[in-house]
Amino acid sequence: MRLHLGTPRRLLVIAPHPDDEAIGAHGLIGRLRRRRVAVRVVVVTDGAASHPASPSWPRARLVAERRRESRRVLRRIGVAADAVTFLGLPDGRLHTRIAAARRGLARAIGHTGAALVVVPAASDDHFDHRTVADCAATLRRPGLRMLAYPV
């Protein structure tokens, strides 16, 4: 499948967890950065549920490492660390913080002035991914194009 996106001036990628931006939108981000499109990424959850109760990866260490990994991958494709925002909402329990997620996403969309926002597909199997897709859908406005990616 070939997408015809043109060259938007600004792209916002919304990732439910740290690493979803790399898994779901890495190629798109890289291609648009090569075209000098300004890219911002918002990571909604803290990523702490990936290793619950791990003695090797306590919560604080895991959250910090997942943020470092996201920044490192994004830096390699041209997205600076200051273009990445972490909302830090609870991984696996995002449905308990829908209002906070919606506020954070609305702020990010307004702040970037993005005409193209990339979000997870509403049909995704992961509950946090569907919650993010639902929150983003409530923020649609004229002139804002949303593109869903599978994660």
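Asp-46 is buried, because its relative accessible area is 4%, and buried means under 20%. That is where I will start today. One caution before going on: this is a predicted model.

Where is Asp-46 in the chain? Asp-46 lies in the loop between β2, residues 38-45, and α2, residues 59-76. What does its side chain reach? One partner is the backbone nitrogen of Ala-48, at 3.0 Å. Another is Arg-59, whose side chain makes a polar contact of 2.7 Å with the side chain of Asp-46. If we set aside neighbours within four places in sequence, Asp-46 is in contact with Pro-18, Arg-59, Val-63, Gly-88, Leu-89, Pro-90 and Asp-91.

The same loop, between β2 and α2, holds Pro-58. Pro-58 counts as partly exposed, because its relative accessibility is 42%. Its C-alpha atom is 8.6 Å from that of Ala-48, and the two residues are 10 apart along the chain.

Now to helix α2. How far should its 18 residues span? At 1.5 Å a residue the answer is 26 Å, and the end C-alpha atoms are 26 Å apart, so the two agree.

Which residues of α2 are buried? They are Leu-62, Val-63, Glu-65, Arg-66, Ser-70 and Leu-74. Looking down the axis of α2, these buried residues fall within an arc of 170 degrees, so they line one face of the helix. Here is the background for that. An α-helix has 3.6 residues a turn, so residues three or four places apart point the same way.

On the other side of α2, the exposed residues are Ala-60, Arg-75 and Arg-76. The cover over the buried residues of α2 includes α1, residues 20-34, along with β2 and β3, the latter being residues 84-89. After α2 comes Gly-78, which has a positive phi, near 95 degrees.

A word on rings. The charged end of Arg-61 sits over the ring of Trp-57, 3.8 Å from the ring centre. As for aromatic pairs, the count is 0.

Last, helix α4, residues 127-137. Its buried residues are Asp-128, His-129, Thr-131, Val-132, Ala-133, Cys-135 and Ala-136. What do they pack against? The list is β1 (10-15), α1, β2, α3 (98-112), β4 (116-120) and β5 (145-149). Note that α1 and β2 also turned up in the cover of α2.

To go back to the start: Asp-46 is buried, and its side chain has a polar contact with that of Arg-59.

Technical notes: Residues numbered from 1 in each chain as written. Predicted model: local features only at pLDDT ≥ 70, side-chain atom pairs only at ≥ 80, totals over all residues. Heavy atoms only, no water. Phe/Tyr/Trp six-rings, centres within 6.5 Å; stacked < 30°, edge-to-face > 60°. Lys NZ or Arg CZ within 6 Å of the ring centre and 35° of its normal. Helix = DSSP H or I, 4+ residues; strand = E, 2+ residues; numbered from the N terminus. Buried < 20%, exposed > 50% of the residue type's maximum accessible area, 1.4 Å probe, protein only. Polar contact = N/O pair within 3.5 Å; in protein donor to acceptor, adjacent residues only side chain to side chain. Contact = heavy atoms within 4.5 Å. Expected span 1.5 Å × (residues − 1). Arc of directions from axis to C-beta.
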